[in-house]
Amino acid sequence: MEGIKAKLKAIFGAANVSDDPKVLAGYASDKSFAKTIAPAYVVKASNADQVEALVKFANEAKLPLIPVSSGAPHYRGDTVPSVAGAVIVDLSGMKKIISINSLHRMAVIEPGVTYGEFQEALAKEGMHLAYTLAPRSTKSVLASVMDCEPRLNAMHGWSYTEPFRCVEVTWGDGRRMYTGDAANGGPVGSLEKQFTEEKWQVSPLGPMMLDFYRLLTQSQGTMGIVTWASIRCELAHQAHDCFFLAANEEKDLLNFVWDVNHVRFSEEMFIMNKAEVANLMGKDAAEIAALKTALPAWIVFVGVGGRELLPKERCEQQAADIGEIAQKNGLTLLRSVGGISATNFYKKAISVSPAEKYWKETQKGAFQDIFFLSKIDDTAMFIDKMNALAAAAGYPVSDIGVYVQPIHMGTAYHVEFTLPYDPENKKETALVKDLFIKASEALAAAGAYYARPHGPWARIQLNKDAMNTKSLMKLKGIFDPNGIMNPGKISI
Amino acid sequence: MALKDFRAMMERDSYCNSCKWIPYDKIKSQRFAENCPTNLYYQFHLYSVRGKWQAGQTYLDTQEGTIGKDELIKQYPYDFNTAPEFLESVQSCMACGSCDVSCKICRFNLEPLAYNIELKNEAILRGFILPKQKKMIEALKTEQTMIPNAKKAKRQDWAKGIEFAAKTDTYFYPGCKYSYDPKLKAYAKKAAQTLIDAGVKLGYLGDLDMCCAGRAYQQGFYDEFNERADANIKAFKAKGVKTIVTPCADCYHALKRLYAARGMKVKVLHLVEYLDELIKAGKIKFTKNVNLTVTYHDPCHLGRQGEPYVAWNGKEKKIMHQVHTWDPPRPRYNGANGIYEAPRDVIKAIPGVQLVEMERIREYALCCGAGANAQLNFPELSAATASERITEANSTGADALVTACPWCEANFKNAVDENGKGIEVIDIIDLVARAL
Amino acid sequence: MAINQEAYKELELIVGKRWISQDIAERECYRSIMAESSAHSGPYDGETPLPGAVILPGSTEEVQAIVKICNKYDIHFKACSTFWSVMGFIGDDDSLQIDMKRMKKMEFHERDQYVIVEPYCIGAVVQVEAMKRGFNVNMAGVGCSSSTLAGASSWVAFGPSSCFMGVASENFLAVEWVLPNGDLLRTGTLGSGGDWFCGEGPGPSVRAILRGAQGTAGSFGVCTRLAVRLHPWPGPTCLPTYGTVPAYKLVPTWNLKTYTLNFPDWDGYANTINFLSQNQDIAYLGHRQYNMWGRYIKLAMIKLLIEPGGQLADLPKYMADPFIKEQTEKCRIDLQVVIVGMTKRDLEWKEKAIDEILRRVGGWKNEFMLQPEVHDWVLLYLLRLGHKNLNYTLCSSYEGSGGLSNNVFVTSKVMEEYHELREEFDKTHNGLAATGGDSEMGALSTLGGGGITGYEFFQWFDRHDRESVKGCCDFIQNYSQKLCDKYGFGADMGNWNMTARHPDTGYYYTQDEQNAMFVNSPQPGLQIYQYLVKKAFNPLDLCGSYYRTLDPEYWEANHK
């Protein structure tokens with residue numbers, strides 16, 4: 001073991017290698033129900049050379065590696081070791097924003113850059129990153145992007161993997177590579193030289209027939225370690241307007257969402273139930289409870305925006321046309337619901353949420369998410385099913401937050417259930433833990449698709465498709481032949 | 001032209017596949033988007049003109065003994081003996097010309113239809129004649145008809161009872177199918193009588209009325225066609241014929257286009273053109289309602305191939321180094337000037353009749369399945385093609401399918417669509433007669 | 001290995017006698033004469049090898065059974081649908097050519113905005129059926145005559161509408177694919193017994209092996225069905241046309257417009273592309289289309305094509321017409337856009353946005369192209385992309401060269417240099433049609449939402465004239481490639497397939513040949529991982545060398 005430590009120190013410097021139990025304990029568990037297993041070491045990486053050296057060494061020493069980019073707290077169990085003796089590769093210190101180019105709407109960032117940091121830097125250049133719903137402040141942009149977290153604007157989701165583009169990656173076998181445009185002609189491996197040649201790492205594809213970057217998506221660090229990635233950004237809105245629409249049933253909103261999708265209008269659009277709106281907006285449990293009383297059962301939030309070309313006119317046109325679509329569907333555009341203005345709601349939805357008081361924890365101190373992909377017309381069925389499962393388990397249905405987000409231009413719908421619970425209440429914690437597993441299985445049986453198979457979802461989902469799993473394991477064997485990358489995750 | 005004269009075209013063709021589809025701009029559904037009857041049936045690439053442009057190159061290399069000597073690496077010789085599917089692809093082509101129209105949407109230097117027929121001639125020259133073709137040619141030579149087993153002596157039977165004008169320069173030319181087919185003879189009679197009743201001084205050639213041999217040409221029998229055409233032209237001249245009216249699309253094409261190329265100066269009208277003229281002039285007046293919704297099938301040889309002949313004698317001239325032109329500009333047969341409006345105007349003029357269109361119409365209409373005598377030479381293919389067309393006709397919701405060609409009509413009569421459902425097939429002559 | 005009698009009989013049992021052939025002429029038809037398509041493969045005068053047999057399967061089950069027989073008897077195979085490109089043809093003697101023509105079913109899922117297509121659904125029919133339902137599909141630049149599935153699974157398949165609708169890689173959802181070893185892979189939701197609405201995951205996407213920046217060109221088994229995303233179409237449910245063959249035109253519709261935007265300089269062009277990329281919803285479609293015929297003749301060509309009796313011999317006459325001459329000069333730097341109003345207000349805003357862009361860059365709308373008949377012809381052309389054959393119209397053959405793929409500020413800078421290069425070439429060479437130097441055509445974007453332009457520099461030659469064929473090779477090898485090298489653009493488009501099969505014989509490369517070719521490539525990992533993937537999924541190496549591979553052991557021992 002000392003040999004390993006010495007080698008790690010040689011790679012990262014003594015100050016960046018720790019086996020202090022207190023430090024290790026910080027990585028041994030997270031806020032999910034994942035089993036607690038302490039790693040053997042934590043290393044703080046600061047560049048790709050170190051990462052490459054580490055992976056090569058880990059292959060020789062058969063050391064499990066677990067890349068971690070976001071700062072604590074973590075919620076999904078993917079950074080908690082599944083095996084003993086693992087090395088946590090903490091990339092959260094790699095915070096360089098290497099490039100921002102507003103002309104091409106591209107940026108290159110390291111894995112430790114968080115949402116708050118990135119959006120602030122982009123704002124200075126007149127841009128923003130397509131928003132995810134109120135990410136916690138310590139969330140790594142790259143981790144979020146690679147995990148294909150849904151964006152509020154499905155209309156700009158040409159690709160399922162948007163806005164993830166090119167990467168510098170060290171695969172599990174220790175080979176460092178550049179993907180997509182970053183490896184397509186010109187000087188490979190030097191961003192500076194590529195910038196000089198006006199190459200901005202735009203296309204993520206290939207660059208040949210194997211789509212390397214796709215192997216890193218939704219991979220939970222099981223294939224390789226990314227040390228920078230290029231990200232597609234958007235020009236900031238110069239005008240923006242937003243509205244709510246309200247209904248008693250989720251299904252009453254679906255035709256409106258589909259119709260707006262179908263003409264490719266709106267900047268942001270999603271559905272929420274009142275519990276989720278309250279979770280996002282409430283300052284404390286009491287306010288959340290009050291909001292739940294005041295809010296309509298279901299809302300659609302829809303934003304319209306204009307950029308540098310006739311922005312005000314664009315907003316007005318879209319608002320008017322979306323208003324007509326609403327009318328056609330028996331709905332009305334509302335400036336506020338339950339005392340919450342659409343503008344304030346929008347601000348909250350696109351802002352980072354403080355890590356120490358993440359919005360999903362406001363109500364009860366902890367939460368468990370269940371999220372998956374669905375067809376538009378199955379969303380209501382899944383909601384009913386979840387409610388029934390919760391009711392049967394004795395969990396208060398009114399506490400379940402629901403967020404339904406069209407993605408990939410509306411071909412798929414991200415459905416997210418948030419189950420708040422009190423972590424101090426053992427009975428409730430046990431109930432939610434049990435409900436989480438049972439509901440995950442029941443929803444899968446009804447057709448829920450866990451594209452991002454965190455925790456138990458990997459077992460549930462991969463068991464449904466033997467050929468895909470067989471193929472995935474073959475690929476894992478190629479890119480991580482010794483199985484050192486986050487072992488135990490996404491495998492059966 | 002001989003096959004070797006198509007060498008440049010063979011090499012200038014490309015892999016665009018336009019020859020397998022109606023013009024892309026005109027596609028209205030997946031179901032009725034394909035155009036080539038033989039390709040629809042056989043599916044293999046060889047059964048398209050693109051396939052034959054390619055197969056023809058090696059065939060020609062083999063014939064000319066240049067296999068392996070070209071810069072190209074063609075090292076596998078074959079002929080019609082060793083490549084029987086090539087022979088079948090050549091013989092089964094209906095010479096409908098739909099590939100020709102689609103090709104020429106963009107191309108100016110390819111002649112797919114002429115090539116298809118040239119290949120048929122090549123097969124004949126090499127001695128590959130189908131049994132049914134043999135009988136047909138025998139009939140042409142001995143009885144001057146396309147109809148095997150038909151007798152010259154019976155050719156004029158249909159005309160009994162009609163009082164044709166003795167002195168005229170306008171002659172009715174019914175063609176073999178109308179003259180002999182027991183189910184169609186009556187329509188020939190109705191047609192002639194309608195014209196006469198409308199005041200046309202209509203004559204009949206009597207003993208001089210013989211096969212036009214157009215369908216022999218479609219099958220590549222150039223010599224037999226030429227012999228018959230020249231004899232007919234001579235007879236027309238001797239008789240003082242100035243105008244010919246024919247109810248048969250194949251005859252129309254032969255006379256209008258092929259005979260003109262051989263120097264005939266006679267004006268040629270299809271019956272529908274004349275009817276249209278007479279209706280518009282008020283000389284034919286309808287007295288009855290015909291309460292039918294009908295769809296109209298454009299015969300290949302009246303529609304896209306029914307364009308008038310334009311004389312040309314020139315040569316290829318490249319401009320801008322490599323751009324292909326002809327000096328003087330070469331006439332372009334692409335279906336633009338076929339007969340499409342006249343039959344439709346006739347149908348629309350009949351009280352009570354509603355015309356609904358199929359998807360494949362006018363210059364991109366699907367063949368009936370009887371082109372190049374496929375109904376005798378390749379009956380299964382022919383039946384499949386007729387069925388495809390009737391499926392399309394039935395999809396319009398029409399009560400009946402109207403056509404202006406006896407070969408189309410006969411081929412449709414006993415056919416059913418893909419669901420086993422037939423459709424009433426009405427000769428346009430009959431449709432007109434029902435309203436008189 | 002040759003297809004022996006036993007293997008042939010087993011194949012025959014799968015599809016029936018009617019759908020398999022060993023006729024020598026039939027097989028000859030399934031060879032690609034490389035000069036007769038844009039082969040992107042060197043001297044352009046070779047022919048691919050003769051297949052041992054041709055087979056037409058009718059279902060996925062039959063395809064899978066065929067592939068299993070190929071594995072059993074070590075028979076090399078390749079599937080193709082519309083045979084546009086040399087890529088679809090086999091590359092070893094006695095291989096099995098699979099023609100997918102019989103598989104052409106389509107299934108629309110309007111609510112989830114996708115259509116499941118089989119291989120022989122060409123772009124035109126997919127579009128036609130989609131429009132009936134208020135949708136459209138991204139039509140690949142190859143045109144509506146080619147298979148939608150093949151474009152998505154096997155090649156690049158961006159097109160004029162990609163800025164708005166995305167490129168094939170972005171549009172295809174779940175897919176059903178017979179892997180080279182005979183396994184049947186169903187990606188994403190489909191594999192889990194669900195629908196076709198998501199082709200990714202679970203976890204790392206296995207679809208990564210099926211296509212990257214480009215598809216596998218038939219070198220990785222057979223794609224049998226694929227879900228393609230649909231996009232909004234607020235136009236008529238069937239494109240109504242008028243005009244006499246071949247000059248068909250689109251009947252004017254209130255919410256469909258096309259403009260040819262002209263610019264005083266390339267900066268104006270580049271800035272316009274950038275505006276349209278940053279505001280992705282303005283242009284439904286954007287393409288520098290008609291310049292493909294050459295800078296000097298493009299409007300004269302359109303003039304003759306909108307006339308039913310038009311002939312190439314009319315070119316000099318039209319080029320001399322004062323109005324056309326003036327407008328052609330003004331159209332030197334041009335971009336065609338189509339704008340589509342989802343609503344009246346939307347159309348008004350888009351019209352204003354186009355005018356605002358032109359105001360900012362000093363551009364204008366070309367007057368010749370605003371003439372109603374021209375407008376209607378252009379609109380039909382761009383929406384349907386049904387004129388692929390015009391790629392051959394000038395002198396029978398063409399090769400795309402250059403292949404500039406980069407952001408517009410890089411690519412637009414070299415346009416004039418290409419133009420001058422061709423002008424100079426034409427002064428001393430007769431091999432290519434001399435129609436105006438610059439004959440670059442290309443898309444507003446090769447990615448959804450903009451960002452990368454892709455251009456193809458058309459070289460027109462006569463395949464029947466061997467000197468002309470040589471002239472085309474000469475230009476690409478000795479002129480165009482050198483310019484690509486100068487700017488670091490990599491292989492000239494005319495040479496793209498040079499690393500996939502022998503340009504003279506059309507044979508695939510052996511692994512040894514590939515090793516030698518790629519051992520010192522800038523990033524050998526690309527080919528090494530592809531080698532490992534091939535070993536895992538295609539252990540008998542049955543599908544040829546379009547899947548570029550490098551043996552890691554060879555690399556270890558030999559790289560510099």
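**A tour of chain C and its neighbours**

Start by selecting chain C of this predicted model and colour its assigned domains: domain 1 covers 5-102, domain 2 covers 106-232, domain 3 covers 252-499 and domain 4 covers 511-558.

Next, keep domain 1 and domain 4 of chain C in view. Their centres, taken over C-alpha atoms, lie 24 Å apart. The two domains meet through nine residues of domain 1 of chain C and six residues of domain 4 of chain C. On the domain 1 side, select helix H3 (60-73) and strand S3 (77-80) of chain C; each of them gives at least two residues to the side that touches domain 4 of chain C. Colour this side of domain 1 by residue class, and three nonpolar, three polar and three charged residues appear.

Now bring in chain B. Where chains C and B meet, 69 residues of chain C and 58 residues of chain B take part in the contact. To find the chain C side, select helix H2 (24-29), helix H4 (123-132), helix H11 (315-320), helix H15 (372-384), strand S21 (453-461) and helix H18 (466-487) of chain C, the elements that supply two or more residues each. Stop at H2(C): with five residues, H2(C) provides the largest share of the side that touches chain B. By class, the chain C side that touches chain B holds 34 nonpolar, 19 polar and 16 charged residues.

Finally, show the chains together. Two pairs of chains are in contact, and chains A and C share the most contacts. Which distance separates the nearest C-alpha atoms of chain A and chain B? These atoms are 23 Å apart, and chain A and chain B do not touch.

Definitions and conventions
Residues are numbered from 1 along each chain as its sequence is written. Chains are lettered from A and ligands numbered from 1 in the order in which they are written. This is a predicted model: local features need pLDDT of at least 70, side-chain atom pairs count only at pLDDT 80 or more; totals for chains, interfaces and linings use all residues. Domain bounds come from an automatic or database domain assignment. Two residues are in contact if their C-beta atoms, placed from the backbone, lie within 7 Å. Helices (H or I, at least four residues) and strands (E, at least two) are DSSP runs, numbered from the N terminus. Ala, Val, Leu, Ile, Met, Phe, Trp, Tyr, Cys and Pro count as nonpolar, Asp, Glu, Lys and Arg as charged, and the others, Gly among them, as polar.
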